[in-house]
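Student: Before we begin, could you take me through the ring contacts and a few backbone details, giving the reasoning behind each label?

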Amino acid sequence: MASSPRLHIGDSNGSDSPVRDLKRNLLHCWSKLPQDLMHMVFERLGFADFERAKSVCSSWLSASRQSKPSNKIPWMVLFPKDNNYGLLFNPEEKDKFYKTQDLGNDFSKSFCVATYRSWLLMLDPQYMDYRQAKTEDPLYNLYILNILTRERIYLPTLESEFGLTAPIFWMDEKTKDYLVMGMFNEEDAVSFKKGDTSWKQIPQLALSGIDECFNMVYKDHKLYCLNYYKLKIFDFSGEIPVQVFKISVRGCIRRLSGLRIRMPGNFPLNRKKNNVVVTLSGDVLIVTSTRPSMSKIWNFEIYKMDSSKGNKWEEIISLGDEVILLDLGITVYAKEINGGIKRNSIYFNGRDFGDKYDENDILIFSLDAKKVEQPHQFVCSSVPCSNARWFLPSFKRE
């Protein structure tokens, strides 16, 4: 194969030595940048650009070891069926997966129920057969796993008729303090934190009447609990949780009719979910989503609590440059993210609606187009997976 033509810039004698000298000088200049300046550059790079920058020269490789990639962009973790590894997808890099190392034989049998940064809250179902366990209620084994470093934290077995619903957890990356929480037997909340020896009920939440709580978000040491009637906020910054706010949600949450008409194939007539979301600025949103059974048409409504109008709920039609990650109950900026993440959209897990009619796990609802889209055709079609979730990776210094 013929080589591509090359354009030479040289002296009058045809020599290209000035070009070589220029390249040599430029390389010398870039490799001699001050360490603090290179550190500032590396801290602003995403994962893909960070990896590329490490290969520039030996001094850049050395500087990278004192830095870590920026983690502003959410990644997707996919769980291949019957395998003990995960697949990581960075929306900045199309048509490419990162395969994790061996995560243990129980990983292929476990199910991810929540994420926080690079940590996954995993449910091991091997204890769920209560007939073999010879106990009145099923037993649930949970553990926390860092998908990047393979660090594990085992939690005590939980004995419950309903398991742990509306689970949330939080992790301090530096101290490794953590908090796992969820609803226990549909009425009480239980928690487990670093230093505990067993699951503990949270009486302050029980006294506040959070029964039927179906969605919780934990952010900045505050717990947001949502049921069909009220949204309650608890401050967890002290030794004892304290309720600091409550508001009625009847204006934006409507229960489906009590008449449960079912379609052929045991499909209910409608699927409906309600989620609480806390934005980057601390605003509280309620996102209601409805989908008729046997249909690919989704409808989302977003309500914002407006303190300037007496804490009333107002419907909003745009998120601006933010994106809702419904699994995490938070928003992230999309304006400065190149590729993959679409502004003014809602990212959600289709399987959370309780049916398998739609084979896609991760979906996007565009508030501009008013329709559901597949985030990445390559991801959705190339690997059969049992589950998929968004997470915000936190990279350690090398």
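Student: How many aromatic pairs does the structure hold?

Tutor: The structure, which is a predicted model, holds 15 aromatic pairs.

Student: What makes the pair of phenylalanine 79 and phenylalanine 107 tilted?

Tutor: Their planes stand at 35° to each other, with the rings 5.7 Å centre to centre; the distance is within 6.5 Å, and the angle is neither under 30 degrees nor over 60, so the pair counts as tilted. Phenylalanine 79 belongs to strand S1 (residues 75–80), while phenylalanine 107 is in the loop between strand S3 (98–99) and strand S4 (111–116), so the contact ties together parts that are 28 residues apart in sequence.

Student: Why is phenylalanine 107 called buried?

Tutor: Its relative accessible area is 2%, and because buried means under 20%, the label applies to phenylalanine 107. Phenylalanine 79, with 5%, is buried on the grounds of that cut-off as well.

Student: Why is the pair of tyrosine 178 and phenylalanine 192 called stacked?

Tutor: The ring centres lie 6.4 Å apart and the planes meet at 25°; the distance is within 6.5 Å and the angle is under 30 degrees, so the pair is stacked. This pair links distant parts of the chain, with tyrosine 178 in strand S10 (residues 178–184) and phenylalanine 192 in strand S11 (residues 188–193), 14 residues apart. Tyrosine 178 has a relative accessible area of 9% and is buried, and phenylalanine 192, at 4%, counts as buried too.

Student: How do you know that the charged end of lysine 99 sits over the ring of tyrosine 85?

Tutor: The charged end of lysine 99 is 4.2 Å from the centre of that ring, which satisfies the distance limit of 6 Å; the label also requires a position within 35 degrees of the ring normal. Arginine 152 likewise lies over the face of tyrosine 143, at 4.2 Å from the ring centre.

Student: What makes arginine 150 partly exposed, and where does this residue lie?

Tutor: The relative accessible area of arginine 150 is 41%, which is neither under 20% nor over 50%, so the residue is partly exposed. Arginine 150 is placed in the loop between strand S6 (139–146) and strand S7 (152–154), and has a positive phi of about 70° although it is not a glycine.

Terms used
Residues numbered from 1 in each chain as written. Predicted model: local features only at pLDDT ≥ 70, side-chain atom pairs only at ≥ 80, totals over all residues. Heavy atoms only, no water. Phe/Tyr/Trp six-rings, centres within 6.5 Å; stacked < 30°, edge-to-face > 60°. Helix = DSSP H or I, 4+ residues; strand = E, 2+ residues; numbered from the N terminus. Buried < 20%, exposed > 50% of the residue type's maximum accessible area, 1.4 Å probe, protein only.
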